[in-house]
Amino acid sequence: MRLTSREIVAIEQAARETFAPRSTIRLFGSRLDDARRGGDIDLIVEPPAPLTPHELVERRTRFIARLYRLLGERRIDVLIVPAGLPDDRPVIQAARRDGRLLTKVPE
Amino acid sequence: MTAQSPLATALWEADRHHATLESALQDWLAAPAANLLELETNPVTLRILDQLLFRFSKLQDALGLRLVPATLAALSEPFEEWPMIDRLNRLEKLGFINVDDWLRWREIRNRLAHEYPEPPETRFAAIEAAIAAARDLAAAYRAWRAKLKPLPSSGQNLG
C-alpha cells in the first residue's frame with residue numbers, strides 16, 4: 001500500500017469530521033500496488049445508512065475539501081456506497097473485493 | 001502594449017469570465033432542468049449548463065492563478081514562497097475569501113473533469129451542487145472586487 005502515515009492520519013481526521021460513526025474507509029486502485037508510482041488516491045466509503053443523493057454529494061465534497069486542506073490539492077476519488085447495499089457497478093465490486101481498510105469512524 | 005498592473009490584468013480576465021457566468025446563471029434559473037433526463041433531452045438547457053460550468057472553472061482558475069497573487073502583491077504581502085494554502089489562509093484573514101468554500105469549489109471543479117459512472121440521481125445532485133457553487137463563486141468574486149476598489153493598482157481602465 002502506497003500511502004504515507006501523514007496521508008493516513010489526514011484521511012482518518014477528515015472521515016471523522018464528515019461521516020457517521022461506523023463508516024468504513026478503504027483504499028483501492030493503483031495505490032494498493034507497491035510496484036507503481038504516483039496515481040490518484042482512490043477511496044471507498046461505506047456509511048452504515050444510506051444517504052440521499054444531495055447528502056452524498058455534499059459529504060463527498062466536504063471530505064475531499066478537508067483532505068485538500070490537510071494535504072494540499074491532489075487527485076482524490078471517493079466512492080460512497082451504503083454498507084451492505086448490493087451494487088453491480090464493476091468499480092464498486094472491485095473496490096469492495098480488493099479494498100484495504102484504512103479506518104472506521106469511531107462511535 | 002500598455003503596461004498594466006498584475007491586479008488590473010487579473011481583474012480584467014476575471015471580469016470576462018464572471019460576466020458570462022452571471023448570464024449563464026440567469027439563463028439556467030429562468031428554465032432549470034428538474035432532473036437528468038430533462039437536462040439530457042434539452043439541447044438548449046445542456047448548452048447553458050456547459051457554458052455555466054466552463055465559466056465556473058475558468059473564473060476559479062483566473063482567481064487562483066492570477067487574482068490571489070495579484071491581491072497579495074497589491075497589499076505588499078511577502079507571499080512569493082508561500083504554498084497555495086498559506087496564500088488562501090492569509091486572504092481569509094484579510095477578509096477576501098472563505099478557505100473552506102474555496103476548497104469545496106476546487107473539489108467540485110476537479111470533479112467536473114473526471115467522473116466515475118454514477119446513478120443518475122447522484123449525477124444530477126452533483127450538477128446542482130456545481131450550479132450552487134458557481135453562484136457562490138460569482139458572489140464571492142463580486143465581494144472580493146468591491147474590497148479591492150480602494151487600491152490604486154486596481155485601475156479600472158482596461159475596459
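**Exercise 1. Polar pairs and salt bridges between the chains**

Determine how many residue pairs are in polar contact across the interface of chain A and chain B, and describe which elements of chain A supply the side that touches chain B.

*Solution.* In this predicted model, the rule finds six residue pairs in polar contact across the interface of chain A and chain B, both residues being at pLDDT 80 or more. On the side of chain A that touches chain B, α2 (53–71) and β3 (76–80) each supply at least two residues, and the largest share, eleven residues, comes from α2(A). Sorted by class, that side of chain A has ten nonpolar, two polar and nine charged residues.

The next step is to turn to the salt bridges, of which the rule finds four across the interface of chain A and chain B. One of the salt bridges in the model joins Arg69(A) to Asp100(B), with the closest N and O atoms 2.9 Å apart; this separation falls within the 4 Å cut-off for a salt bridge.

**Exercise 2. The extent of the interface**

State how many residues of each chain are in contact with the other, and what area is buried between chain A and chain B.

*Solution.* Counting contacts first, 21 residues of chain A are in contact with 21 residues of chain B. The size of an interface is often given as the accessible area lost when the parts come together. For chain A and chain B the buried area is about 1,800 Å², and carbon and sulfur atoms give 57% of this area.

**Exercise 3. Two arginines in helices of chain A**

Decide for Arg60(A) and for Arg97(A) whether the residue is buried or exposed, and then describe the surroundings of each.

*Solution.* Begin with Arg60(A), whose place is in helix α2 of chain A. Its relative accessible area is 1%, and since buried means under 20%, Arg60(A) is buried. Leaving aside neighbours within four places in sequence, Arg60(A) is in contact with Val78(A) and Ile80(A), and also with Arg111(B), Glu118(B) and Ala126(B) of the other chain.

Arg97(A), by contrast, is found in helix α3 (residues 90–98) of chain A, and its relative accessibility of 61% makes it count as exposed. The side chain of Arg97(A) makes a polar contact with the side chain of Asp98(A), at 3.2 Å. A further step places Arg97(A) relative to Arg6(A): the two are 91 residues apart in sequence and 25 Å apart in space, from C-alpha to C-alpha.

**Exercise 4. Nonpolar cores**

Name the residues with the most contacts inside the largest nonpolar core, and follow the contacts of Leu43(A).

*Solution.* The largest nonpolar core has 67 residues, and those with the most contacts inside it are Leu43(A), Phe63(A) and Leu67(A) from chain A, together with Leu52(B), Leu63(B), Leu67(B) and Trp144(B) from chain B. Not counting residues up to four places away in sequence, Leu43(A) touches, among others, Ile11(A), Ile25(A), Phe63(A), Leu67(A), Ile76(A), Val78(A) and Leu102(A), while Arg26(A) and Asp77(A) are also included in its contacts. A second, separate core consists of seven residues, including Phe28(A), Ile44(A), Val91(A) and Ala95(A).

**Exercise 5. Positive phi outside glycine**

Locate Arg22(A) and Ser76(B) in their chains, and give the phi angle of Arg22(A) and of Ser76(B).

*Solution.* Arg22(A) lies in the loop between α1 (5–18) and β1 (24–28) of chain A, where it has a positive phi of about 80 degrees although it is not a glycine. With a relative accessible area of 44%, Arg22(A) is partly exposed.

Ser76(B) lies in the loop between α3 (43–74) and α4 of chain B. Its phi is near 60 degrees, a positive value in a residue other than glycine, and at 65% relative accessibility Ser76(B) counts as exposed.

**Exercise 6. Chain B and one residue of its α4**

Describe the architecture of chain B, and then place Glu92(B) within it.

*Solution.* Chain B has six helices and zero strands, and its C-alpha atoms fill a box of roughly 50 × 30 × 25 Å along the principal axes. Of the 159 residues in chain B, 43% are buried. Among contacts in chain B between residues at least 6 apart in sequence, 71% join residues at least 24 apart.

Within this chain, Glu92(B) is found in helix α4 (residues 84–93) and is partly exposed, with a relative accessible area of 32%. Its contacts, leaving aside neighbours within four places in sequence, are with Ile97(B), Asn98(B), Val99(B) and Asp100(B); Asp100(B) is the residue that forms the salt bridge with Arg69(A).

Key. Residues are numbered from 1 along each chain as its sequence is written. Chains are lettered from A and ligands numbered from 1 in the order in which they are written. This is a predicted model: local features need pLDDT of at least 70, side-chain atom pairs count only at pLDDT 80 or more; totals for chains, interfaces and linings use all residues. Side-chain values use heavy atoms; hydrogens and water are left out. Helices (H or I, at least four residues) and strands (E, at least two) are DSSP runs, numbered from the N terminus. Buried means under 20% relative accessible area, exposed over 50%, partly exposed in between (1.4 Å probe, protein chains only). Contact means heavy atoms within 4.5 Å. A nonpolar core is a set of buried Ala, Val, Leu, Ile, Met, Phe, Trp, Tyr and Cys residues joined through side-chain atoms within 4.5 Å. Buried area is the accessible area (1.4 Å probe) that two parts lose on being put together, summed over both. A salt bridge is a side-chain nitrogen of Lys or Arg within 4 Å of a carboxyl oxygen of Asp or Glu. A polar contact is a pair of N or O atoms within 3.5 Å; within protein, one must be able to donate a hydrogen and the other to accept it, and residues adjacent in sequence count only if both atoms are side-chain atoms. Ala, Val, Leu, Ile, Met, Phe, Trp, Tyr, Cys and Pro count as nonpolar, Asp, Glu, Lys and Arg as charged, and the others, Gly among them, as polar.
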